[in-house]
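Student: I am new to this structure and should be grateful for a close look at how strands are arranged in it. Please begin with what is meant by the pairing of strands, and then follow the strands to whatever lies beside them.

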Amino acid sequence: MSEFKDKKIILEVKNLKKYFPVLGGVFSRPVAWVKAVDDVSFHIYEGETFSLVGESGSGKTTTGKTILKLHEPTSGHILFEGKDISNYSPSEMRPLRRDMQIIFQDPYGSLNPRLPVGEIIREPLAVHKIGTKKEQEERVVEIMKLVGLRPEYLHRYPHEFSGGQRQRIGIARAVVLNPKFIVADEPVSALDASIQAQVLNLLLELQQKLALTYLFIAHNLAVVRHVSDRIGVMYLGKLMEVADTKELFDNPLHPYTQALLSAIPIPDPDVKKERIILQGDIPSPINPPSGCPFRTRCMYAKDICAEKTPPLVDIGGGHYVACHFVKKGGKVEYSKS
Ligand code: SF4
């Protein structure tokens with residue numbers, strides 16, 4: 001059971017949907033919809049790291065961006081500190097942008113190449129009119145030190161930094177306003193393995209020092225294992241399983257989670273494990289399979305899986321699974337077809 005269960009919920013997502021139109025015909029009208037996020041519900045406790053994991057096309061990044069209202073939700077509710085912000089206008093969102101920030105995957109693409117680093121980090125303070133210019137510059141130096149960047153680099157441009165340093169600039173920009181909640185969208189996947197651990201450690205350190213809550217997005221379960229308190233596994237716009245990190249790794253119950261975990265190498269030659277190879281690619285979110293979205297790749301699929309969509313059910317202790325054959329208490333009733 002999560003150590004956070006008695007803590008305040010900072011963010012709650014209820015039945016969130018985000019569909020993008022596919023335009024066609026002479027009048028460029030919607031001819032189909034990409035169901036990027038399709039009825040997703042979860043909550044995040046204050047001070048925790050909740051991770052969303054899944055293959056590309058699973059909807060995890062769209063979920064993060066929709067929560068921050070960088071995409072307008074199609075339907076459903078987003079509650080931040082108890083306030084339903086799903087229908088907030090851009091001007092209503094403006095004061096909340098101080099509390100809700102994002103770290104992007106591509107540290108280079110997200111930084112303005114024409115601005116020196118000091119200006120890139122100062123910009124959010126200027127936009128929100130916080131302090132005098134001198135106070136803003138002092139804050140920039142303070143934040144640069146906090147994220148491990150030397151203040152004498154203030155006047156350098158993004159291209160003069162390494163990938164890891166550029167991600168530190170992106171992180172500095174995200175924390176300069178002292179936010180409460182950060183969506184970290186694949187913050188280390190563009191970095192070399194040796195740098196990944198340093199950036200992950202920095203994020204953990206900042207979480208402690210600044211009392212941050214993270215929604216961490218990644219395609220690799222191994223990356224999120226050491227930073228997450230709880231993990232949600234997404235597939236084709238839906239959550240398949242949600243559990244505390246230890247519970248998810250020790251007792252994965254959804255066949256998709258089992259397949260993802262089986263792909264993680266174990267650094268012990270004496271430990272043998274069977275790799276579950278998923279057949280085919282993730283189906284198109286324009287025309288997802290009926291019933292369970294995972295059924296076209298699931299070795300346990302039965303007729304009912306095509307007929308009914310399994311709901312995400314708490315099978316006990318905050319462990320949620322969306323499979324017709326996983327029952328309360330974690331009793332598994334699936335068998336190979
Ligand atoms: Fe597999 Fe059916 Fe369970 Fe979906 S509901 S994961 S297809 S057994």
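Tutor: Two strands are said to pair if DSSP finds at least two bridges between them. Strands of a sheet pair through backbone hydrogen bonds, and the sense may be parallel or antiparallel. The model before you is predicted, and what follows should be read with that in mind.

Strand β1 and strand β4, which covers residues 75-80, meet this condition: they run antiparallel and are joined by 5 bridges. One position can be followed by name, for Leu11 has Phe80 of β4 as its bridge partner. These two strands belong to an open sheet of 4 strands, in which the order is β2-β1-β4-β5 and the pairing is antiparallel. At its edges stand β2 and β5 (83-84), each of which pairs on one side only.

The sheet also leads to an open space. The second largest pocket holds about 360 Å³ of space. It is lined by 23 residues, of which Asp39, Val40, Ser41, Leu239 and Leu312 lie closest to its centre. Three elements each give two or more residues to this lining: β1 (9-24), β2 (29-45) and β10 (238-244). The largest share, 6 residues, comes from β2, the strand already met at an edge of the open sheet. Sorted by class, the lining has 13 nonpolar, 4 polar and 6 charged residues.

A contrasting arrangement is found at β8, residues 213-218. This strand pairs in the parallel sense with β3 (residues 49-53) over 5 bridges, and Thr49 has Tyr214 of β8 as its bridge partner. Strand β7, residues 181-185, also runs parallel to β8 and is joined to it by 5 bridges; here Asp185 is matched with Ile217 of β8.

In a regular strand, side chains alternate between the two faces of the sheet. The side chains of β8 can be sorted in this way: Thr213, Leu215 and Ile217 point one way, while Tyr214, Phe216 and Ala218 point the other way. Are these residues of β8 buried or exposed? Buried, on either side: 6 of the 6 residues of β8 are so classed, and the strand is mostly covered. Each of them counts as buried because its relative accessible area is under 20%.

Another strand, β6, borders an open space of its own. The largest pocket contains about 420 Å³. Its lining is made of 19 residues, and those closest to its centre are Gln101, Ile102, Phe104, Pro124 and Arg173. Strand β6 (100-103) and the elements α3 (117-127) and α5 (163-175) each supply two or more residues to this lining. By class, the residues are 11 nonpolar, 5 polar and 3 charged.

Besides these pockets, the structure holds 1 cavity of 30 Å³ or more. In the largest cavity there is about 90 Å³ of space. Of its 13 lining residues, Cys292, Cys298, Cys305, Cys323 and Phe325 are the closest to the centre. The ligand sits in this largest cavity. The residues around the ligand include those four cysteines and Phe325, as well as His254, Arg295 and His324. By class, the shell around the ligand comprises 9 nonpolar, 2 polar and 1 charged residues, and the cavity lining comprises 10 nonpolar, 2 polar and 1 charged residues.

Note on methods:
Residues are numbered from 1 along each chain as its sequence is written. This is a predicted model: local features need pLDDT of at least 70, side-chain atom pairs count only at pLDDT 80 or more; totals for chains, interfaces and linings use all residues. Side-chain values use heavy atoms; hydrogens and water are left out. A residue is near a molecule or strand if one of its heavy atoms lies within 4 Å of it. On a 1 Å grid over the protein atoms alone, a cavity is a set of points where a 1.4 Å probe fits but cannot get out, and a pocket is an open set with protein on both sides within 12 Å along at least five of seven lines; lining residues have an atom within 4 Å of a point. A molecule sits in a cavity or pocket if more than half of its atoms lie within 2 Å of its grid points. Ala, Val, Leu, Ile, Met, Phe, Trp, Tyr, Cys and Pro count as nonpolar, Asp, Glu, Lys and Arg as charged, and the others, Gly among them, as polar. Grid points are joined across faces, edges and corners, and a volume is the space filled by probe spheres set on the points. Buried means under 20% relative accessible area, exposed over 50%, partly exposed in between (1.4 Å probe, protein chains only).
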